[in-house]
Amino acid sequence: MADRKAKSKERSALTHIDDKGEARMVDVSAKPATGRAAIAEGRVIMSKATLELILSGNAKKGDVLGAARLAGIMAAKRTSELIPLCHPLALSKVAVDITPDRKLPGCIVRATVKVTGPTGVEMEALTAVSVACLTIYDMIKAVERGVRIDGIHLVEKKGGKSGHYRAS
């Protein structure tokens, strides 16, 4: 009996799991619409030669960074279609910035997402970064298969009940 109560308490800490251990969408209908923002980041690590190919604009598939930026923006807008329990949101801002870094070598991908609504946009920012990184990989895989996507994480979130979070 005590074991069952402990498991129930563990589950209740996870907002998308009910007391029976079943997945559920969180009811946000009573939450006020407030300003919320999230920033996520990730890296695509590659050889110096591949990075130079991207920067020269001579990749066979075209503008690698432009395509990745657009893919990230589109992905943020469709997060609720990709992640089963995410709410569809009317996003007010999605920006995907891709910074080439010769020291990596590779690209640093950063997404900023904003909304005025009853729930946060962390998943939208993380989805934007993930898909932008995957798009970079897709566009250069013919040249280098050993490209690595690394370090996708939430950098910062603002708004909502849990307040401000910034990764250390």
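Two strands count as paired here if DSSP finds at least two bridges between them. With that cut-off in hand, the sheet of this predicted model can be read partner by partner. In strand β1, which covers residues 34-45, Ala 37 has Lys 114 of β3 as its bridge partner. That bridge belongs to a longer run: β1 and β3 (residues 106-117) go antiparallel and are joined by twelve bridges.

On to the other pairing of β3. Strand β2, residues 93-101, is also antiparallel to β3, with nine bridges between the two. One of the pairs puts Val 96 against Ala 111 of β3, and another has Asp 101 standing opposite Gly 106. Between β2 and β3 there are just four residues, and the two strands make a hairpin.

Zooming out, the sheet is an open one of five strands, ordered β2-β3-β1-β4-β5, with antiparallel pairing. The edge positions go to β2 and β5 (165-166); each has a single partner strand, so one side of each has no neighbour in the sheet. Helix α3, made up of residues 64-77, lies across β2 and β3 and runs at about 150° to β2.

As for the chain overall, its secondary structure amounts to five helices and five strands. Followed along the sequence, these come in the pattern α-β-α-α-α-β-β-α-β-β. The C-alpha atoms fill a box of roughly 60 × 35 × 30 Å along the principal axes. Of the 168 residues in the chain, 35% are buried. Contacts reach far along the sequence too: taking those between residues at least 6 apart, 68% join residues at least 24 apart.

Next, the empty space. The largest pocket holds about 470 Å³. Its lining counts 23 residues, and those nearest the centre are His 16, Lys 31, Thr 119, Gly 120 and Glu 122. Helix α5 (residues 122-140) supplies the largest share of that lining, namely three residues. Sorted by class, the pocket lining splits into nine nonpolar, eight polar and six charged residues.

Enclosed space is another matter. Searching the whole structure turns up one cavity of 30 Å³ or more, and the volume of the largest cavity is about 40 Å³. Around the largest cavity sit Ala 76, Lys 77, Arg 78, Thr 79, Ser 80, His 87, Pro 88, Leu 89, Leu 91 and Glu 124. Two elements, α3 and α4 (79-82), each give two or more residues to this lining. Helix α3 thus turns up twice in the picture, once across β2 and β3 and once in the wall of the largest cavity. By class, the cavity lining is made of four nonpolar, three polar and three charged residues.

How values were computed
Residues are numbered from 1 along each chain as its sequence is written. This is a predicted model: local features need pLDDT of at least 70, side-chain atom pairs count only at pLDDT 80 or more; totals for chains, interfaces and linings use all residues. Side-chain values use heavy atoms; hydrogens and water are left out. On a 1 Å grid over the protein atoms alone, a cavity is a set of points where a 1.4 Å probe fits but cannot get out, and a pocket is an open set with protein on both sides within 12 Å along at least five of seven lines; lining residues have an atom within 4 Å of a point. Grid points are joined across faces, edges and corners, and a volume is the space filled by probe spheres set on the points. Ala, Val, Leu, Ile, Met, Phe, Trp, Tyr, Cys and Pro count as nonpolar, Asp, Glu, Lys and Arg as charged, and the others, Gly among them, as polar. Contact means heavy atoms within 4.5 Å. Axes are lines fitted to C-alpha atoms, for helices over the stretch in contact, and angles run from 0 to 180 degrees between N-to-C directions. Buried means under 20% relative accessible area, exposed over 50%, partly exposed in between (1.4 Å probe, protein chains only).
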